[in-house]
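Q: Hi! Got a few minutes to look at this one with me?

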Amino acid sequence: MTSLLSQSINLFAVVLLVLAFAMIAQRRILTLIHLFTLQGAALAAATLIVGYLTGQHHLYFSAALTFVLKVVLIPILLHRVILRLNVRWDVETLFNIPTTMLIGIVLVIFAFNLAAPIAGLSTSIARGTLGIALACVLLSFLMMIVRAKAVPQVIGFLSMENGLFFAATAATSGMPMIVELGIAFDVLVGILILGVFMFQIREQFDSLDIRHLEKLKED
Amino acid sequence: MLVLDWILIVIAGWLALGVAGIGALRNTAFVARVLFPAGAVLAVALAGFAVAGLLGTPETAVLALGLPDLPFHLRLDGLSAFFLLVIGAIAFGISIFAAGYFRHGEGTPPGLMCLEYHLFLASMALVVLADDAYAFMVMWETMALSSFFLVTANHRVPAIREAGFLYLLIAHIGALGILLCFGVLQANTGDYTFANMRAQSLSPLWASAAFLLATVGFGAKAGILPLHVWLPEAHPAAPSPVSALMSAVMLKTAIYGLLRVSFDLLGAQQWWWGVLLMAVGLATALYGVVFSAVQTDMKRLLAYSSIENIGLLFVGIGLGVLFNAYGMKALSALALTAALYHVLGHAFFKSLLFLATGSVLHATGERSLGKLGGLMRRMPWVAWLSLVGVLASSGLPPFSGFVSEWLLLQSFLFTTGLPDSFLNMLVPVLAAGIALVAALAGYTMVKFFGVIFLGQPREPKLADAHPASPLERAGLVWLGAGCVLLGLFPVQVIGLIDRVTRLLVGGGIADTVRANGWLLLSPSSIDRASYGPLVFLGVVSLAVLLTAVLVRKLYHGRLRRAPAWDCGFPAQTARMQDTAEGFGQPIRQIFEPFFRMRRELPSPFDAKPHYRVTIEDHFWHWLYLPVARLTSLIARGVGRLQQGRIAIYLLYSFVTLMVLLLVVKS
Amino acid sequence: MDPLLFVLAFPLLGGVLLALWGDRERAGDLNAAMSLLTLAASVWLTAIVVRDGPLTAWGEWFFVDPLNVFLVTLTAFVGFTTSLFSRPYMRIERDHGKMTPGRMRLFHSMYQLFNGMMLVALTTNNLGILWVAMEAATLTTVLLVSVYRTPASLEAAWKYFILCGVGIAQALFGTILLYLAAERAIGGGDEALLWTHLAQSKHLLDPEILSLAFVFLLLGYGTKVGLVPVHNWLPDAHAEGPTPISAVLSGLLLNVALYAVLRCKVLADGALANGLPGRMMIGFGLVTVVVAAFFLSRQRDVKRMFAYSSIEHMGLMTFAFGLGGPIANFAGLLHMTVHALVKSAIFFAVGHAAQKAGSQAMEDIRGLLKVSPTVGWGLMLGSLAILGMPPFGVFASEFLILTTAMREAPWATPFLLVALGVAFAAIFGRVQPMVFGETSLRPLAHPPALLPVFVHLGLALMLGLYIPPYLDGWYRQAALMIGG
Amino acid sequence: MSIVGLFAQLLAIALALALAPLLTGWVNQWRAWLQGRRAPGLLQPYRVLHKLFNKESVVAEHATPIFRVAPYIMFGCMALACGIAPTLSTDLPLAPAADAIALVGLFALARVFISLAAMDIGTSFGTLGARREMLIGFLAEPALLMVLFSASLITQSTSLAMIVETLAHQPFAIYPSLAVAGVAFTMVSLAENARVPVDNPATHLELTMIHEALILEYSGRHLALVEWAASLKLFAYSCIGLALFVPWGVAEAGTPIAILFAIPMLVVKLAVGGVLLALIETINAKMRLFRVPEFLATAFLLAVIALLVHVLLGA
């Protein structure tokens, strides 16, 4: 039973990774949000299981927190934003999708062999997961780089934090509670500020295309 | 009570005067009539104490300032005392002059000028007293800063602002060089006192690095090639007392620093250091004198002449290093004596001349030689005194300039004794360069004096030029007297300088000189070489008087005043005299490659013929402009980093992350 | 009675109060008052630490040692003076119609919270909390940068948010890795992130993980320090935000970020023992100094220019700490202090100058000496101080850094020489005509508060000529603590 | 210093004052003969001086004292120059007061003053003359100095008396360096004494004259002094040249007899030298003014080469 569960963590890890890839590939913002929601769900589940396996009960709490934030609150917020500002499509990206995917693959490999020695040391039940978490972080980073509009960038940012959370829970079986709380709180505030921003930007430039945000430079 | 304490009291007094100046910010009368004279009194006191220190034993003090482990160490030894003497003696004359000089409307309020002026004096005094790197650098930069504010006293004029900027920039870069030099000298001990630096024995490589850094750093302040460009800009920009102070004293602090580092702090010297100094010095001297010969602005002319003299000083020091590197103590002492004597002499005559230009400037409002002339009849005091300065600076017997030149040439005559066959063949030839420079200096000075004071006024307004105020005259008299006395009593002066050379190279020439009597200056033996200024003056003046009397006795003394004959040329005007450009023409022709010259010649059919020639410094186009261009080029390249695209910024972060991860991985 | 409590409580309380009354006429005074109280509390705290050494509080979650106590005092002090400066400044801004009551409220309460968060970041013993506080400090200032709601300010704030967000995320990953290592070394749980514990057993930490962790932490917090090439948010944020915010960003936030890096470096050094962290910091510092210097030489906006100058100096400090050793560390800490003082003073002067000119473009600011000598001299002296002109304190630290570098890393000195020369030419060449010469500026409605400027410059001057023994004591202990 | 030395000193100066105009006259006479003209009497210069002294001197209205003092100073300098040049004896009390370097300085002093005097009036020709004089000066001085240098390097002394003594004592040897230096010295002294090919003492053609332009405004006793000083200069130069390159016959042992014997020796040498000078002046044409710098630069170069040769060959 436990072994099954512990294997399932790895499964969830893979799910996260795949979702990260999917997000890079995805142009439609609505779908992006859905994928992000799924990622959040997977993360919450993984946290739950780790909590159960390691018997650290504060992890239940943080799983719940993750669920509330990443699966309920933030997606709703993003939905509203894109409905209000009707930005449905992201225009073409810095590199085209296939190239990005290729870079992504390279990143994953890099992340894995970066984490390989450490994973060996990890006391946690889910050894390999650190590499995957790192890969997720890097992939979301990549996504932030290649996306040309504000919302996808934010989603990339958030999914990066998913990766971090996953690292925190799966690889190290949970940071101290207070820290988790603090992080969650920051994320929440960040999201709110982001929302405010989106509207401010929108009312200034009546578009969320961050190409408008390229005036300040050394000319 | 130690001499050093008295000196510190003097310095404190200067600072107090500065603060008082802030108190009376706009009260010109008070500042000019009370504060500056008081400063002068302190200056002469300082000179006195300096002599005492020169004759006494080294003294040290520690001020409770500076870094925790590094309070300000002060040390009064022969070298610093000698330069304190220079500072005090010159500052006395200049302060008196300044008391009569500063008027309303010089831009900066007089009180502030007073503060900056006395801060400048105090910082210079402390520079030569400093005995650890930190105190030295702090004072050094304070000196640069206060002088910068003095230079830009009249900052409404853009040209003056630019001059000030250039000055401070080069000074700062030089200071960084000195800083790094000390960084080498402290040899990783973390102890920045000079005592510790003396104790360190550096590897030849590090020692050479330190020496080169020092040469660059102090050279930037002294104005050696190619770091001289600020000098002819800053000196004319400043009010005359300030230019006098900078040229006569501040440049010397750079010489002090070079001596301190290369002789005192760096123990063993290498022969090529000396050769380097001599080469640079000779180039500088030649460059400076040639440029000063073609100047048309009297203060620029003097500024370039300062460059020349600094070059000569470097040659002297270089010769000293060379001899010292081969362990020829006495000869090294001879060369250094020549250099130090010139430090003293140059301080006097150059400040004298700069102050004279100041009086002329106030009297006529003109700085361009082309608009002056015939001022000797309007302002006889200034004219006669600056004649003394002119004769001294063109190295003519029996004035101060000649003594140092003579000593320098004498020490060159010994260079055939150098153990290195290559050197003893090459070095004597450099003397030819010295001789040429000296002769050209004479040419320049004749131009300077003749065009300003002799001939007929080139402008009508010169007719109502007013003579200098009594205080100004007093200052000039003091400095002029200095030029004469230094010229007439070399033996006694060398007795003082001897202390310095003993400190630097452990040898001196005073004993030999004294042995040859107080009348004759003879560094080795009468048979070998001797020069008796007093006899010289005596015989010449006796001959002059005798002739005058005899001519009167034997013939009538009839004399008739008439218009100038001029080959009977009927209508002659003041415009027919040689202009400054005209006087410089032969030099322009002979030394053409030195200049970047642009001429505008009028066409034969020109209704209003206009002749203009502009002389530019090659180094602007060879060194400074390229550097500026390169900087802006790099800046443009760097600017590309900041293109405003957030994605790109993220990419930087990403790539950096990757690179670092790879680094730690490998 | 624990002074630390007050140190942290006052700003948070102030944040709440000013959130309510931040738009009143006297809000500025209240702001200043709260900052004064914070200052008083931190002085009290300092006194206690000076008396009986380092202390930890509340189950070791917070601790005060020589390294952070003087930063606490500095932060509280600059926070207070800046609040003094912001009183007339923001009033003038309001009169110019740039600030609405709502924005005033936002400004004041966020200002307090920002200070509070920085104090938390400084005093916390838990690296996780440190991270949280840093992030919170960022969030509080994001809205302040965009407070004018101009396109430029929005853009600046957006970049600030995203870039620092990403940076801080990397820092979080680093923290997680650290925790991973700690778990192995000293077992998991709450103590695993307490710096004091980690420092005690830093030799046990696994080098593999620590090297990775340090990379993430350096790059993460380094983003907030403003290290090239992750500095890009900094000039925009400084130039577009209100001047008081630029002052505290430059003067304090960067310091706090660097402080975080230092804490991590100590651990990494302990675990690695191959000097890699030091070399990384040297490299980053050098690149930062040089690039920033060349950026300086192409600026037109005065606040932007001084923002780049902050980058340059941060690079210099990073370089110094990278060199390590008692002298270099001492110099770095000293440089932290004087840079905070001088740079904020410069921003005060610049703020008023820009208000007079009605523009931040340097060619519009001319002849300050004529229209208001105090601002003019403030700017002139401040610039000279920041350029490392003695007898100001910046020179003292640069003196130590350069002389040490000459023997520790001679290859680096030419770059430093070039960079400092270029920076000098750039800044001074632009400041001089702003201060000197003729002018066409108009006087201000409210009398500018220039007391802070000269107090700061006075202190910087003092530090150049005389460092009080107790301050010296802190520096030494701190330098030892950073080790290297 | 012995009584004999004093006697020798006074005799030397007196002799110089007396003989200088004679030398000028002698040279002029020979020049005239060589050029196939009827020569003026040998004593012509004395007559000229006498005439000038008797005339009243006319001074420009706005002349400053410098103008009137300059001739006396020039005269004084030249007198001293003749005093320290070892013409008759090497045991001269004045010799230590000024060595070779000081001698150069002495000539420079005189030049500076006369040039200033020329500028004082502020006429076109005066300033022109001053400029040209200084031009020649700054090229000739270093050359002269270098010549003396190579002599002093040979004799290890800069005191003229010592140089002569050492050179005269040594067994006759050929010094290539001295030979080259001799050429340089000749060129320099031609320039310094305003002789063809540099300047023509007999011309008053404004555009070419140097020395004459310089003293254009002088008249009466001032002019007389200037002229006398000029001939003293020629005398001094010739003596130095002789002392350096034909040092034999100068009395070292300070006995009055020896000194008295030295006089005819000197006269003979001067006479020969004068003839040579006249010869040079005759066979050369005056060169354009722009060529003068090149001419003197050559002299300077030769002097430096002489120095090098000495250091190289040690001879």
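**Chains B and D, then a helix pair**

A: Happy to! Keep in mind that this is a predicted model. A good place to start is where strand 3 of chain B and strand 1 (residues 57-60) of chain D pair in the parallel sense, over four bridges.

Q: Nice. And which residue is the bridge partner of B:Arg560?

A: That's D:Val58, in strand 1 of chain D.

Q: Zooming out, how many residues of chain B are in contact with chain D?

A: There are 66 from chain B, in contact with 70 residues of chain D. On the chain B side, helix 15 (400-413), helix 16 (421-453), helix 20 (533-554), strand 3 (559-562) and helix 21 (580-590) each supply at least two residues.

Q: Which of those gives the largest share?

A: Helix 16 of chain B, with 15 residues.

Q: And how do the residues on that side divide by class?

A: The side of chain B that touches chain D has 44 nonpolar residues, 14 polar and eight charged.

Q: Changing topic: at what angle do helix 13 and helix 14 of chain B cross?

A: Roughly 145°, with the axes of helix 13 (residues 329-364) and helix 14 (residues 380-393) coming within 9 Å.

Q: Is that crossing left-handed or right-handed?

A: The crossing of helix 13 and helix 14 of chain B is left-handed.

Q: Cool, which residues make the contact?

A: From helix 13 of chain B, they include B:Gly345, B:Phe349, B:Lys350 and B:Leu353. Helix 14 of chain B brings, among others, B:Val382, B:Leu385 and B:Gly389. By class, this contact has eight nonpolar, five polar and one charged residues.

Notes: Residues are numbered from 1 along each chain as its sequence is written. Chains are lettered from A and ligands numbered from 1 in the order in which they are written. This is a predicted model: local features need pLDDT of at least 70, side-chain atom pairs count only at pLDDT 80 or more; totals for chains, interfaces and linings use all residues. Two residues are in contact if their C-beta atoms, placed from the backbone, lie within 7 Å. Ala, Val, Leu, Ile, Met, Phe, Trp, Tyr, Cys and Pro count as nonpolar, Asp, Glu, Lys and Arg as charged, and the others, Gly among them, as polar. Two strands pair if DSSP finds at least two bridges between them. Axes are lines fitted to C-alpha atoms, for helices over the stretch in contact, and angles run from 0 to 180 degrees between N-to-C directions. A crossing is left-handed if the near helix is turned anticlockwise from the far one by less than a right angle, and right-handed if clockwise.
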